[in-house]
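Take a look at the sequence and the structure below. This short report visits a pocket, a core and one buried residue.

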Amino acid sequence: MTATEPTLSDLQNALREHQPQKLRVILPDGTAVPSHFHVTEVGRVQKDFIDCGGTRRRTLNAQLQLLVATDFDHRLSSEKLLKIIEMSQPVLGDEPLPLTVEYGQKVAVVYEVEKIEADESAVQLHLTTPQTGCLAADACGLAPEEAGKFTVGASTCAPGSGCC
């Protein structure tokens with residue numbers, strides 16, 4: 001997690017501090033998720049894996065799952081969302097977890113939350129398109145621009161070895 005990744009705690013603070021009437025989720029293309037969305041799950045998502053250089057890794061996120069149904073008059077209040085998140089605390093734990101949002105009408109995508117904006121009128125979650133990346137780019141001989149945004153330090157895999 002980097003210092004700039006919004007966390008679930010950041011969202012809770014925005015909901016508490018601003019008590020807005022509206023919640024908006026802005027997709028990477030600038031369009032909004034329809035305002036009658038439901039939050040159907042709040043979860044702690046853990047991924048344990050080994051990168052192509054042989055390094056064991058773990059990521060943890062808090063994830064909101066959104067659903068848009070045909071109840072067009074439904075509006076999730078900030079107070080209700082805060083209660084849903086608070087009910088989820090036994091599952092989420094106390095550590096600050098980066099926030100992701102799972103959403104899609106035909107195909108679900110897990111978006112990263114790029115930023116949270118809040119004032120008295122609305123809390124807005126701005127989503128960013130997920131990208132893959134090589135965590136052991138140096139080991140596989142990839143230039144940083146080829147490796148994607150998740151490039152990290154050295155590993156034990158030699159360039160040209162076929163590890164990636």
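## A pocket, a core and a glutamine

Strand E1 gives the largest share of the lining of the second largest pocket, with four residues. Keep in mind that this is a predicted model. The pocket, the second largest, has a volume of about 160 Å³. Among its lining residues are Gln21, Lys22, Ala32, Ser35, Phe37 and Arg75. The table sorts the lining by class.

| Class in the lining of the second largest pocket | Count |
|---|---|
| Nonpolar | six residues |
| Polar | two residues |
| Charged | three residues |

Phe37 lines this pocket, and Phe37 also belongs to the largest nonpolar core. That core has 31 residues, and Leu11 and Phe37 touch the most other members. Two helices, H1 (8-18) and H2 (78-87), each supply at least two residues of the core. So does each of the strands E1 (22-26), E2 (37-50), E3 (56-68), E4 (99-103), E5 (109-118) and E6 (122-128). The largest share, five residues, comes from E3. In soluble globular proteins, nonpolar side chains tend to be buried together.

Which residues does Leu11 contact, leaving aside its neighbours within four places in sequence? They are Leu64, Leu81, Ile85, Leu99, Ile116, Val123 and Leu125.

Strand E3 also holds Gln63. Is Gln63 buried or exposed? Gln63 counts as buried because its relative accessibility is 13%, and buried means under 20%. Its side chain makes a polar contact with the side chain of Thr100, at 3.2 Å. Beyond its neighbours within four places in sequence, Gln63 is in contact with residues including Glu41, Val42, Gly43 and Val110.

Notes. Residues are numbered from 1 along each chain as its sequence is written. This is a predicted model: local features need pLDDT of at least 70, side-chain atom pairs count only at pLDDT 80 or more; totals for chains, interfaces and linings use all residues. Side-chain values use heavy atoms; hydrogens and water are left out. A nonpolar core is a set of buried Ala, Val, Leu, Ile, Met, Phe, Trp, Tyr and Cys residues joined through side-chain atoms within 4.5 Å. Buried means under 20% relative accessible area, exposed over 50%, partly exposed in between (1.4 Å probe, protein chains only). Contact means heavy atoms within 4.5 Å. On a 1 Å grid over the protein atoms alone, a cavity is a set of points where a 1.4 Å probe fits but cannot get out, and a pocket is an open set with protein on both sides within 12 Å along at least five of seven lines; lining residues have an atom within 4 Å of a point. Grid points are joined across faces, edges and corners, and a volume is the space filled by probe spheres set on the points. Ala, Val, Leu, Ile, Met, Phe, Trp, Tyr, Cys and Pro count as nonpolar, Asp, Glu, Lys and Arg as charged, and the others, Gly among them, as polar. A polar contact is a pair of N or O atoms within 3.5 Å; within protein, one must be able to donate a hydrogen and the other to accept it, and residues adjacent in sequence count only if both atoms are side-chain atoms.
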